[in-house]
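I am opening my notebook to look up a few charged residues and the elements that carry them. I will write down each thing as I find it.

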Amino acid sequence: MTCPEQYRPAVSATTPRLSVQAPAAHRTSHPDRQDQVTVAVYAADPVLHVGVVQQLRRRPEVSLLDEADAEHAQVSLVVVDSVDDDVTALLHRLRHNTATRTGLVVGTLGAGALQRVIECGVSAVLRRAEADQDQLLHLVLAIANGEGVLPGDLLGKLLTHVGSLQRSALDPRSLSLSTLTTREADMLRLVSEGLDTVEIARKTAYSERTVKNVLHEIITRLQLRNRAHAVGYALRNGLI
């Protein structure tokens, strides 16, 4: 799996790239490596990267991988301040790597971001404010064991979301943006930022016809009047 340029390891201390590298001097090395969980750390900031590596490299249960081996990691740990389009793109790429399971350490999750990251294949979430050594290790081991981890308040939001999906299925006439796909939500978000059809097509790599069809499907399915109405509805429901 090839990471885009902005996600490649920093080549120097002054290059603020999203890194997946554990410095050679910091990699764990134990004779029982086969019993360790292999981890690749992705961080949007060199300081975030070093902080997580410093915490995990002290634990014999973990083996940190560098860029060359990152795609073979059992656990991919993404550490960011917030979830933006670049982070979403990275999570999508990791989702297609069947060798790894993804966890997210995040500063804040904005409205609708929980659904977004779950759709991207994230199986566990930890807030950065709570990410001490023990919590990071617990997160890594849980992910490696196929378990899901969410803070209590986020679990509550997820259960509410599942309930709304069930209500939508029972009443097809009910209007609910919880039925939006990731692509639909992303395109509405771009509309809310003032982009026109051509700009949305360029940014999402879809054709202009596809963009028009997706937005028309949202408006028709939810019985809205136009794009502005759809954006307003999405904002009121906290989906973008």
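I began with Asp81, which counts as partly exposed at 46% relative accessibility. I should keep in mind that this is a predicted model.

Next I asked which residue the side chain of Asp81 meets in a salt bridge. I found that the partner is Arg128, with 2.1 Å from N to O. I then placed both residues: Asp81 lies in the loop between β3 (75–80) and α2, and Arg128 lies in the loop between β5 and α4 (133–144), so the pair ties together parts that are 47 residues apart in sequence. I also looked up the cover on Arg128, and with a relative accessible area of 32% this residue is partly exposed.

Since Arg128 follows β5 in a loop, I turned to that strand. Strand β5 covers residues 122–127 and is mostly covered, five of its six residues being buried. I noted that β5 pairs with strand β4 (residues 101–106) in the parallel sense, over five bridges, and that Thr102 stands opposite Val122 of β5.

My next entry is on helix α6, residues 182–192, where I counted nine of the eleven residues as buried. Among them are Glu184, Asp186 and Arg189, which made me curious about charged side chains in a covered helix. The buried residues of α6 pack against several helices, including α2 (85–95), α7 (197–204) and α8 (208–221). After the helix comes Gly194, and I wrote down that its phi is positive, near 95 degrees.

Where does the partner of Glu184 lie? I found that Glu184 forms a salt bridge with Arg221, their closest N and O atoms being 3.1 Å apart. Glu184 belongs to helix α6 and Arg221 to helix α8, so this pair ties together parts that are 37 residues apart in sequence. The two ends are covered to unlike degrees: Glu184 is buried, with a relative accessible area of 8%, whereas Arg221 is partly exposed at 31%.

I then stayed within α6 and looked at Arg189, whose side chain meets that of Asp186 in a salt bridge at 2.6 Å, N to O. These residues are three apart in the helix, and so about one helical turn separates them. As a reminder to myself, an α-helix has 3.6 residues a turn, so residues three or four places apart point the same way. Arg189 is buried, its relative accessible area being 14%.

For my last entry I recorded that the count of salt bridges comes to six, and that Arg59, Glu61 and Asp134 are linked in a network of them.

Technical notes:
Residues are numbered from 1 along each chain as its sequence is written. This is a predicted model: local features need pLDDT of at least 70, side-chain atom pairs count only at pLDDT 80 or more; totals for chains, interfaces and linings use all residues. Side-chain values use heavy atoms; hydrogens and water are left out. Buried means under 20% relative accessible area, exposed over 50%, partly exposed in between (1.4 Å probe, protein chains only). Helices (H or I, at least four residues) and strands (E, at least two) are DSSP runs, numbered from the N terminus. Contact means heavy atoms within 4.5 Å. Two strands pair if DSSP finds at least two bridges between them. A salt bridge is a side-chain nitrogen of Lys or Arg within 4 Å of a carboxyl oxygen of Asp or Glu.
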